Amino acid sequence: MAGQVASLTGQEYRRYFATLPSTIRGELVQGPLGYLHARLAQADAQGEPGLVREVLARVAKDLRHLLEQHDHPARERALDLLDQYVQGWQARLDHEQAVESETLESLRDALVATGIPGLTGWGEPPGRSMIVDDRMLFPGLRFGNIFIGPQPPRGWEVDEELLHANTTFPPTHQYLGFYHWLRTRFAADALVYVGRHSTREFLPRRRAGLAEDDYPELLGGNLPLIYPYIVDGVGEGIQAKRRALGVMIGHLTPPLAATELYDDLLELRQLVETFEVATDPDSPTRHRAVTMLRERIEGLELTEAFEREIASDLGLTAEEVNLDEVAAELLVHEAGHYVTDMQERFMPLGLHVFGRDWDEEAVATMLASMAGDTEPGAEEQAGRKARLEASPRHERENFLGALAGRFVPPGPGNDPLRTPEVLPTGRNFHALSSDLVPTQVAWSLGSEMAATARSRDAETAKGSEALVLWASDTVRDEGVMIAFGFDMLGVKPRWNSRGIVQGLERLPLNADLNEDAAEQGRERRDVLFTTSGLFRDLYEDQLVWLDLAVRLALDAASETIRAEHPQLAGALAAALDPLPEEMRDPGREALADNRVAARWVADTRELMARGEPATAAGDQAAWRVFGTAPGAYGAGVNRLASRSSAWEERDELGSAYRRRMGHVYGQEQGGESAHAAFDANLARVGRTYLGRASHLYGLLDNDDGFDFQGGLSNAVEQLAGTPPDNRVLQHADPDNPKVESLERALLGELRSRNLNPQWLRPLMEHGYAGARTMGSDFLDNLWGWQVTSPQVVRSWVWDEVDAVYFQDRHDLGLDDFLAEGHNVHVKTHMQATALLAAKRGYWDADEATLERLSGEFAEAVIEHGLPGSGHAHPDHPLLPWIAARLDDERREAFNAVIEAARLEFRKPESAPTTIREVEPSPAEATPPNEAPTAPSGAEAQENETSAIAEGGVAMLPWLLGLAALVLLLGGMLYGRRAR
């Protein structure tokens, strides 16, 4: 097919490549070292030695951490070369000796040639991604003046080793070549991105004020971008507006409906009602209902979950509760609460087709969900109905209007059930200004939930709180999670008359911090804030407020520290120095009541004992706000989970999270590497919190949840030995907020939605898109939670997946649906995921089940080829494990398909055996250690993107199903004007 798709010759690409900024050329060819070297050379040529030193110190620290974390045969050699490279630049700046540019370039090249993942780039143009016979290919279909094609792979599909690295990495040569072809060869008049979301706006570099060496700017240039985007996806959509200048066309969610109970869940509800209507305490009916209820609870694998929930309600530990001994009334209460909670959840019914009018049933369903338990007035209801019914028309008209260069009116974005004002859709959505966050409404809700969370803790609960902060939910809830963290610290925002946050105030511990929940004798909690890259970009000022809030909490015990630990006075002054004078308020709180101060004292003493200067130790001990490096996105766990051959042990996921997220932010910190401080904070985490403010999106329909909270839990487990108490703050309905265990939230969502025929049936009406939702938007994310939180996702979950999806328990024809046409690629991917769960020991399936599933998978692969996923590429160790379960004939055919799909890549060049060395002084010079050369890798950066570009599947599924399609319209505009 190579000759049938759009392409550029290698010579054409190389001519374009030569016109790119030197920093871009260096980064693409030589990775972060190439970018660093070009930046240093630019600053040096412009006579800015201060900038050279600043860039050199910051990047060299990150590179050193990257090298130290890699168990690689060339590590010692690379560390030595990095030292020589840094010393060479320093000697050049200090004019101690003449250090030629060629010497520094030789050291750079030698470092790259070690082949350590994360150091290398994509090599000389045109690279190796989508290159056939020196031609760069761009799969897609052309319809006259319209070209439809998938956005190019981001890069980890080409080299899985780079997933373990800490540095950001550039797009591939083919990624740049594609956009160059669109602008110059296809001569597009506009770009249209379809799907949430593109990878372009999450490429490395500046968060705003983009320059010529920022990839989003370089790729798109002045080409207009029109972006149909789900109206509840504002946080990520704003990033496309900021970094890709996109014009958003907000579109409807699917109709949202309350959950209907089914099978054993319905019987559970009926047993609860039977018990409640039998008023006689000694009634045989009541006794029988309780007996059957216990049986159903055990059959549903809910026993341990109920015991933990009852323990939390009573302030006990889970070990103190035995469900067999729980009183009947308490058991029935917990079961009733469980099914009621499930019925209160909303689920999407199918998918929304952009611009397609809804039928009357869908409109009625959505309006009923928007009303909830309230009874809106006739005028209000009529207005909602009119705006809802008009939404698809507005989507069509404003999309075409944007293509014609007309103005697209602005409007708010959010969950329609939470914010009905988002209707009608079809508008260019916007978000709340950062300086208004958290709002006073958000503070009220966040502080209420913080009080609830504290009330769930047993008296023996130890450790700190760790919060996950996302931009998407901050846009939806106006800062509830930020307010939650403030309240845990005992700090409250101060607003001016316009609602702008202009300061912080400390709340006393001897007063009720929450008007609705009196808490006498409460503690000031220690809080670790983990932030996404998108939160960092959109809410930079909040990072400062969070840092100041921690220091303000510390100041509450500053007089106590000075009195009890006078040797720490200098360190304390350094820790409190960032606090503005108007926020200073020295206090005498006991360290037993102020966990921030108690931990600060312990950490500062330990750091000083290790030789840290007092000022540095005091400041570092106050660091609590961490995230990815500037320009990087994602915690790194999601992509590793999806490329399961890139790792063997779960510890590798925790290590990747720690490498990616160990950068500190605050009043005086801007993302510097601080991995030791981050690890120290992680090691003492007792509870983690993730907020959910959307009725549409849960924990199992995107990979961000397990990337951030799952990765956080995994990292804590790695350092502390046991996973923390993971919790989910459910506040999509602000009138009914809940603090749930991760187990209750995740498995409740699984049962109410993903195993529910009410959710499955409408998706089957959408063909491949519906099938892909079941695979990529459910099972992939279940796998992510499995590997990060195996204490939550137990073996029975995979039994249920097998029964519902592969054996059609609900008699929906689901097994046949997943075998139709291109859906079969989704089915084989799902089967591979389930089999991988068995191979890795998460699913205790019997041998008959494994043989059946292996045989079905093999037969589909023999007929249709491999699914092209990260769990089933030709070199994945899962495939021989499956082959061993096949008879000789099928095994031979199966292995033949695998061999035919295997690709050969060019071997990297060998590392040089001799290089020019820089010797700053005879005493410091150390000859490099020779080491075997490893295969070349590429820089790593995970991002908050959920776009899938795995490659390896048939072209039609690519074009129909990838989450980031690029629709380019060339002469279409001219044709419309001519008519």
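Leucine 330 sits in helix 12, which covers residues 328-343. In this predicted model, its relative accessibility of 31% puts leucine 330 in the partly exposed class, because that class runs between 20% and 50%. Together with Leu314 and Leu316, Leu330 makes up a nonpolar surface patch of about 230 Å².

The surface also has a charged side. A patch of negative charge brings together Glu298, Glu301, Asp324, Glu325, Asp799, Asp844 and Asp846. One of these, aspartate 844, belongs to the loop that runs between helix 33 (823-839) and helix 34 (847-864). Aspartate 844 counts as exposed, since its relative accessibility is 67% and the cut-off for that class is over 50%.

Stepping back to the whole chain, there are 38 helices and 23 strands. Of the 979 residues, 62% are buried. The accessible surface adds up to about 37100 Å², and carbon and sulfur atoms hold 48% of that. As for how the chain folds back on itself, 78% of the contacts with a separation of 6 or more are between residues 24 or more positions apart.

Threonine 253 gives a look at the inside. This residue is placed in the loop between strand 8 (246-251) and strand 9 (256-258), and with a relative accessible area of 1% threonine 253 is buried. Once neighbours within four places in sequence are set aside, the contacts of threonine 253 are Ile230, Val231, Asp232, His352, Trp358, Met366, Pro416 and Leu696.

Glycine 671 is another buried residue, at 4% relative accessibility, this time in strand 19 (residues 670-673). Again leaving out neighbours within four places in sequence, glycine 671 touches Pro630, His663, Val664 and Tyr665. Methionine 661 is 10 residues from glycine 671 in sequence, and the C-alpha to C-alpha distance between the two is 9.7 Å.

Salt bridges come next, and the structure has 62 of them. One pairs glutamate 309 with arginine 744, with 3.9 Å between the closest N and O atoms. Glutamate 309 is in helix 11 (residues 303-314) and arginine 744 is in helix 28 (residues 742-754), so this pair ties together parts of the chain 435 residues apart in sequence. Both ends are tucked away from the surface: glutamate 309 is buried at 6% relative accessibility, and arginine 744 is buried with a relative accessible area of 7%.

Arginine 650 and glutamate 717 form another salt bridge, their closest N and O atoms being 2.9 Å apart. Here too distant parts of the chain are linked, with arginine 650 in the loop between helix 24 (637-642) and helix 25 (651-661) and glutamate 717 in helix 27 (residues 704-720), 67 residues apart. Arginine 650 and glutamate 717 are both buried.

The salt bridge between arginine 890 and glutamate 859 has its closest N and O atoms 3.0 Å apart. This pair links helix 36 (residues 888-901), home of arginine 890, to helix 34, where glutamate 859 lies, across 31 residues. Its members are partly exposed, arginine 890 at 25% relative accessibility and glutamate 859 at 44%. Beyond these pairs, there is also a network of salt bridges, which links Asp457, Glu465, Arg525, Arg687, Asp725 and Arg727.

Notes
Residues are numbered from 1 along each chain as its sequence is written. This is a predicted model: local features need pLDDT of at least 70, side-chain atom pairs count only at pLDDT 80 or more; totals for chains, interfaces and linings use all residues. Side-chain values use heavy atoms; hydrogens and water are left out. Helices (H or I, at least four residues) and strands (E, at least two) are DSSP runs, numbered from the N terminus. Buried means under 20% relative accessible area, exposed over 50%, partly exposed in between (1.4 Å probe, protein chains only). Contact means heavy atoms within 4.5 Å. Patches are made of residues with over 30% relative accessible area and no salt bridge: like charges are joined within 9 Å, nonpolar side chains (Val, Leu, Ile, Met, Phe, Trp, Tyr) within 5 Å. Accessible areas come from the Shrake-Rupley method with a 1.4 Å probe; for residues, only the protein chains shown count as cover. A salt bridge is a side-chain nitrogen of Lys or Arg within 4 Å of a carboxyl oxygen of Asp or Glu. Lys and Arg count as positive and Asp and Glu as negative; His and the chain ends are not counted. The place of a charge is taken as NZ of Lys, CZ of Arg, CG of Asp or CD of Glu.
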